[in-house]
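Q: I am new to this structure and would love a close look at one part of it. Could you walk me through it in a friendly way?

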Amino acid sequence: DLYRIDLWRRTDDPAASPEPERIEADAPTPDVYRTIRWGGIVERAEELCERITTRSVPVLMYHMVADDGPGALSRYRTAPAAFEEQLRLLRRHGFYSITSTQLDWYRLRGEALPGRPILITFDDGYRDFAEAAWPILNRNGFRAEVFIVTGKVGETSDWDRRFGEPQPLMDWPEIAALHAQGVAFGSHLASHRHVDALTSGELLEEAIGSRLTLERRLGTEVRAIAPPSGGLDERAIRVFHEAGYHLCFTTREGTASIDQHSLDLPRIEVFGGMSLDDFAGAVG
């Protein structure tokens, strides 16, 4: 994919020339892969960080990165090859990834962010994040934040049962290993029930319980939540504030800004089958 080397040997008898030998090199290691600028560079992230600032951050919302799965869930499933194309496009245009903690740092200080930051999020905690999405993110130099259904860790996505076979979810050892490698984690509540299906007491219990569970398991502060299906109203905003969250990400379409209400931040849904042109337009 990167280059080839041709070795030529002069001979007096062209008919006696040997057949060429093709030797496949090992795939680049992630450290080497991250230095490769596939398709060239339009803008370098390092140079943009020195030249421009922004108060807006595209927050991408993914669910699954996989080639196969229930047909009814195809909207929520991005093929690994398409996911890699999207990351390469972002890199060519000088985007770099941040976490919600970094976004909150700038928000609390009212300071614009350098360059072209982007926040890449995944809902639900499907196992294919560990198996497919993270290797692609890692070798392309991006981080991500995964919103975990803490009461379903290590089980399956039973909320998908009406659409087909439930998919496996990551377990705690996988989550801890990914966290050690730089993946950030936030709350997707504990039961994956919609906000409207919970009383205020139940919502507060799930919001606090899921945050404390993640903090205890990972040994770090958790500031962000993304409720299932993006369910959000004034009641939920008040509950999440009382539960200790700084940021809440919805499914409302749009680009987030540090000047918006921090518990009502929009995201850009990346759906399965999305063309690269549509992806580029959505990100801006």
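Which residues of α3 are buried?

A: Happy to help! One thing to keep in mind from the start is that this is a predicted model. In helix α3, the buried residues are P80, F83, E84, Q86, L87, L89, L90, R91 and R92. The helix itself covers residues 80-92, which makes 13 residues. From its first C-alpha to its last, α3 reaches 18 Å, close to the 18 Å expected at 1.5 Å a residue. A general point helps when you look along a helix: an α-helix has 3.6 residues a turn, so residues three or four places apart point the same way. After α3 comes G94, and its phi is positive, near 85°.

Now let us follow one residue of the helix outwards. F83, one of the buried residues of α3, belongs to an aromatic cluster together with Y62, F122 and F129. Inside this cluster, F122 and F129 form an edge-to-face pair, with 4.9 Å from centre to centre and 65° between the planes. The pair counts as edge-to-face because its angle is over 60 degrees. Both partners are hidden from the surface: F122 has a relative accessible area of 1%, so it is buried, and F129 counts as buried because its relative accessibility is 1%.

The structure holds nine aromatic pairs, and another one is worth finding on your screen. F147 and F249 form a tilted pair, 5.9 Å centre to centre with 50° between the planes. F147 lies in strand β9 (residues 145-148) and F249 in strand β12 (residues 247-253), so this pair ties together parts that are 102 residues apart in sequence. Both F147 and F249 are buried.

Rings also meet charged side chains here. The charged end of R116 sits over the ring of F95, 6.0 Å from its centre. In a second example, R139 lies over the face of Y33, at 5.3 Å from the ring centre.

Next, a look at some empty space. Rolling a probe the size of a water molecule over the atoms shows where empty space is left. The second largest pocket contains about 400 Å³ of space. Its lining is made of 20 residues, and those nearest its centre are H63, Y76, W159, H192 and S229. Sorted by class, the lining of this pocket has eight nonpolar, seven polar and five charged residues.

H192 deserves a second glance. This residue lies in the loop between β10 and α7, and its phi is near 65°, a positive value in a residue other than glycine. In general, most residues other than glycine have a negative phi. H192 has a relative accessible area of 15%, so it counts as buried, the cut-off being under 20%. L189 has its place in the loop between β10 and α7 as well. The phi of L189 is near 65°, again a positive value in a residue other than glycine. With a relative accessibility of 0%, L189 counts as buried.

The elements on either side of that loop can be explored too. A184 lies in strand β10 (residues 184-187) and counts as buried at 14% relative accessibility. A184 and S100 are 84 residues apart along the chain, while their C-alpha atoms are separated by 8.3 Å. In helix α7 (residues 200-218) you will find A207, which is buried with a relative accessible area of 0%. A207 and Y245 are 38 residues apart in sequence, and 8.7 Å lies between them in space, C-alpha to C-alpha.

For another view of sequence and space, try V149, found in the loop between β9 and α6 (172-180). V149 is buried, with a relative accessible area of 1%. The C-alpha atoms of V149 and E47, 102 residues apart along the chain, are separated by 38 Å.

Finally, let us step back to the whole chain. The protein chain has nine helices and 14 strands. Its C-alpha atoms fill a box of roughly 90 × 50 × 35 Å, taken along the principal axes. Of the 284 residues in the protein chain, 46% are buried, and F83 in α3 is one of the buried residues.

Notes
Residues are numbered from 1 along each chain as its sequence is written. This is a predicted model: local features need pLDDT of at least 70, side-chain atom pairs count only at pLDDT 80 or more; totals for chains, interfaces and linings use all residues. Side-chain values use heavy atoms; hydrogens and water are left out. Rings of Phe, Tyr and Trp (its six-membered ring) pair if their centres lie within 6.5 Å; planes under 30 degrees apart count as stacked, over 60 as edge-to-face and the rest as tilted. Buried means under 20% relative accessible area, exposed over 50%, partly exposed in between (1.4 Å probe, protein chains only). Helices (H or I, at least four residues) and strands (E, at least two) are DSSP runs, numbered from the N terminus. A charge sits over a ring if NZ of Lys or CZ of Arg is within 6 Å of the ring centre and within 35 degrees of the ring normal. On a 1 Å grid over the protein atoms alone, a cavity is a set of points where a 1.4 Å probe fits but cannot get out, and a pocket is an open set with protein on both sides within 12 Å along at least five of seven lines; lining residues have an atom within 4 Å of a point. Grid points are joined across faces, edges and corners, and a volume is the space filled by probe spheres set on the points. Ala, Val, Leu, Ile, Met, Phe, Trp, Tyr, Cys and Pro count as nonpolar, Asp, Glu, Lys and Arg as charged, and the others, Gly among them, as polar. The expected span of a helix is 1.5 Å times one less than its number of residues.
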